[in-house]
Amino acid sequence: MAASPRLEFEKDILEIQGQIQKLVEMAEESGFDVTEQLEDLRTKLETLKEDTYKNLTPIEQVQVARHPRRPYTLDHIERVFTDWIELHGDRAFRDDEAIVAGWARLDGQSVMVVGHQKGRDIKENLRRNFGMAHPEGYRKALRFMRQAEKFGRPVITFIDTPGAYPGIGSEERGISEAIAFNLREMTHLRVPLISVVIGEGGSGGALGIGVTDRILMLEHSIYSVISPEGCAAILWRSAEHREKAATALRLTSKDLLSLGIADEIIQEPPGGAHSDWDGTASSIQEALVRHLKELCKLSTGKLLKARWNKYDAIGEWSDTEAEGS
Amino acid sequence: MAWFRKDKKPLKAEDRRDLPGDVFEKCNGCGEILYSEKLAQNLEVCPTCGHHFRINAEQYVALLMDEGSFEEIDAGLRSGDPLSFKDLKPYTERLRAAEKKVGRLDAVLSGVGTVDGLPVALAVMDFRFIGGSMGSVVGEKIARAGRIALEKKTPLIVVNASGGARMQEGVISLMQMAKTSGVLARLHEAGLPYISIITDPTTGGVTASHAMLGDVNIAEPKALIGFAGPRVIEETIRQELPEGFQRAEFLLEHGMVDRIVDRRDLKLMVSRLLHHMTD
């Protein structure tokens, strides 16, 4: 894989990778047998990757979730599904390329796929707006979710956005209304819905395609009401405190699982999704097939009831009056 | 911008005058000095320029509900601390301080009552309680008001005022958006009216959930209503925002609210609308 911008905690990993490469080159030139040394280094590398990625701090998790080499929605779609047909536009204003949507097959079964799409380089990011959708993106998403409902097909969404776009056009065209309407409609869409958080689950912009029967999270993805930087700027009065905010916000996949929001963590290959796109995609596929099978057994009534119960139950409160009486 | 136009209004003499707060109040709209008692009689609307002062949840209940008809529900709901959150202060400390300041356990006052004889469920947000932010209790109380409306087959009215999601409850607060919107879906299916009244200020997660979902969205004049706060937008796009941006009139112009209603006409408007929908 191409050299990636370095994260501090990845330094040692990259160094050993460099050593392996040098050794291979040297062996080729000189003809020496380095099999044993290579084996040693590779074992060392795997152990190091595993150790490093098992012990990431919350802010490091955030960095991995935002890693520029991390597979994005279309990268997963290419690997998880077959027969992908991308469709465009909200039929009202324009095609927002920060969200992609279309038909695909999961293990042969026809499904609708909707997801945030980040760009890989500056040029693509100009088109995709760094995965930050405008209102028309959310309306496009809902249009295709409703199309799935019409034909009785499940919907699978991939969540990966810093947030909905905070800009003038966004407000003019009603970003709040677009997200709110999606939330309302998703709670009673009459087909199974599964979301997979693959990178950044950024607040309302994530939830706008995230009200689903199952919420699956890639191991190093995050889901938060506000970015650690934004939270630090408000509560600690300086974005420099993002590390504290990242910890306090409980935004890692493990946190979301223990808070009862995420239903399952999909393990990533050692070294993170960005080190093995195919491996990551195959784990996603396995999980999707399994969850979809369960959901498809339910009648529509039971499916909706379970969805309502799921969201109705979220929150932590006590009733002081009930206790007192 | 024209170079000869002054950015700031010149200081007026009264800007520097200390006013006894309980007797007089200065209007933020026109600078007029107002007699507090008169202002209260006028529902905290400036008689000179029509500026709407912010009012609290009890005041909205009093102005919307028929006298003596309101029965509060769920007053005992108190938020937990699901993340054990601590920034410069622990969340629990912020909660206790807000309880003391506002005299309520969280940022919603809810109940049932009548509007011109018509039974309704009502939830009113209170900006004084941690900026009206939506955590578990706000979400739950609004959802319960919606469920009571469903049960009793009455309309639901929500008066919104909020800075958005309550960060101290993290992703749990985010999910309250799905909770309140979900109850509104059921209300919608049942053919029951939902009127959203949007007051100054309503931003973030509350705007992006139940505040925007009314069969009719009513805004108070000049109320700040938006998804992202103006400062966040300015920092993102690095240009000045147009005048009147994210004010009620801006939303009306862009088709996001159905009507701007003066507070003094609010009850009558709600009543007339509900009668159209339910008679």
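**A guided tour of chains A and B**

Begin with helix α4 (residues 73–80) of chain A: six of its eight residues are buried, so this helix is largely enclosed by the rest of the structure. The model on display is a predicted one. Within α4(A), select T73(A), L74(A), D75(A), H76(A), I77(A) and V80(A), which are the buried positions.

Next, select P71(A), which sits in the loop between α3 (58–65) and α4 of chain A. With a relative accessible area of 1%, P71(A) falls under the 20% limit and is therefore buried. Beyond its neighbours within four places in sequence, P71(A) makes contact with H76(A), R120(A), I198(A), A273(A), H274(A) and W277(A). Add D276(A) to the selection: although 205 residues separate P71(A) and D276(A) along the chain, their C-alpha atoms are 8.8 Å apart.

Remain in chain A and display helix α6 (residues 135–150) together with helix α8 (residues 175–187). The axes of α6(A) and α8(A) lie 8 Å apart and form an angle of about 20 degrees. Because angles under 35 degrees count as roughly parallel, α6(A) and α8(A) are described as roughly parallel to each other. The crossing of α6(A) past α8(A) is left-handed. To view the contact, show P135(A), Y138(A), R139(A), A141(A), L142(A), M145(A) and R146(A) on α6(A), and I175(A), E177(A), A178(A), I179(A), F181(A), N182(A), E185(A) and M186(A) on α8(A). By class, the contact of α6(A) with α8(A) comprises 10 nonpolar residues, one polar and four charged.

Move now to chain B and select helix α2 (residues 57–64) with helix α8 (residues 266–278). The axes of these two chain B helices come within 8 Å and cross at roughly 60 degrees, which makes α2(B) oblique to α8(B). Y60(B), L63(B) and L64(B) from α2(B) meet L266(B), K267(B) and V270(B) from α8(B). Five nonpolar residues and one charged residue make up the contact of α2(B) with α8(B), with no polar residues.

From there, select R263(B), in the loop between β11 (259–260) and α8 of chain B. R263(B) has a relative accessible area of 1% and is buried. Two polar contacts may be drawn from the side chain of R263(B): one reaches the backbone oxygen of L43(B) at 2.8 Å, and another, of 3.0 Å, joins it to the side chain of E220(B). Leaving aside neighbours within four places in sequence, the residues in contact with R263(B) include V45(B), H52(B), F53(B), R54(B) and I55(B). Y60(B) and L63(B) of α2(B), met at the previous stop, are also among the contacts of R263(B).

Turn next to T202(B), in strand β8 (residues 194–203) of chain B. T202(B) is buried, with a relative accessible area of 0%. The side chain of T202(B) reaches the backbone oxygen of T199(B) at 2.8 Å, and a polar atom of that side chain lies 3.2 Å from the backbone oxygen of N160(B). Not counting residues up to four places away in sequence, T202(B) touches N160(B), A161(B), S162(B), T207(B), A211(B), L224(B), I225(B) and G226(B).

Finish at E243(B), in the loop between α6 (230–237) and α7 (248–253) of chain B. E243(B) counts as exposed, with a relative accessibility of 84%. For a last distance, select L88(B) as well: E243(B) and L88(B) are 155 residues apart in sequence, and their C-alpha atoms are 35 Å apart in space.

Conventions: Residues numbered from 1 in each chain as written. Chains lettered and ligands numbered in written order. Predicted model: local features only at pLDDT ≥ 70, side-chain atom pairs only at ≥ 80, totals over all residues. Heavy atoms only, no water. Axes fitted to C-alpha atoms, helices over the stretch in contact; angles between N-to-C directions. Helix = DSSP H or I, 4+ residues; strand = E, 2+ residues; numbered from the N terminus. Parallel < 35°, antiparallel > 145°, perpendicular 65-115°, else oblique. Contact = heavy atoms within 4.5 Å. Nonpolar A, V, L, I, M, F, W, Y, C, P; charged D, E, K, R; others polar. Left-handed = near helix turned anticlockwise from the far one by under 90°. Buried < 20%, exposed > 50% of the residue type's maximum accessible area, 1.4 Å probe, protein only. Polar contact = N/O pair within 3.5 Å; in protein donor to acceptor, adjacent residues only side chain to side chain.
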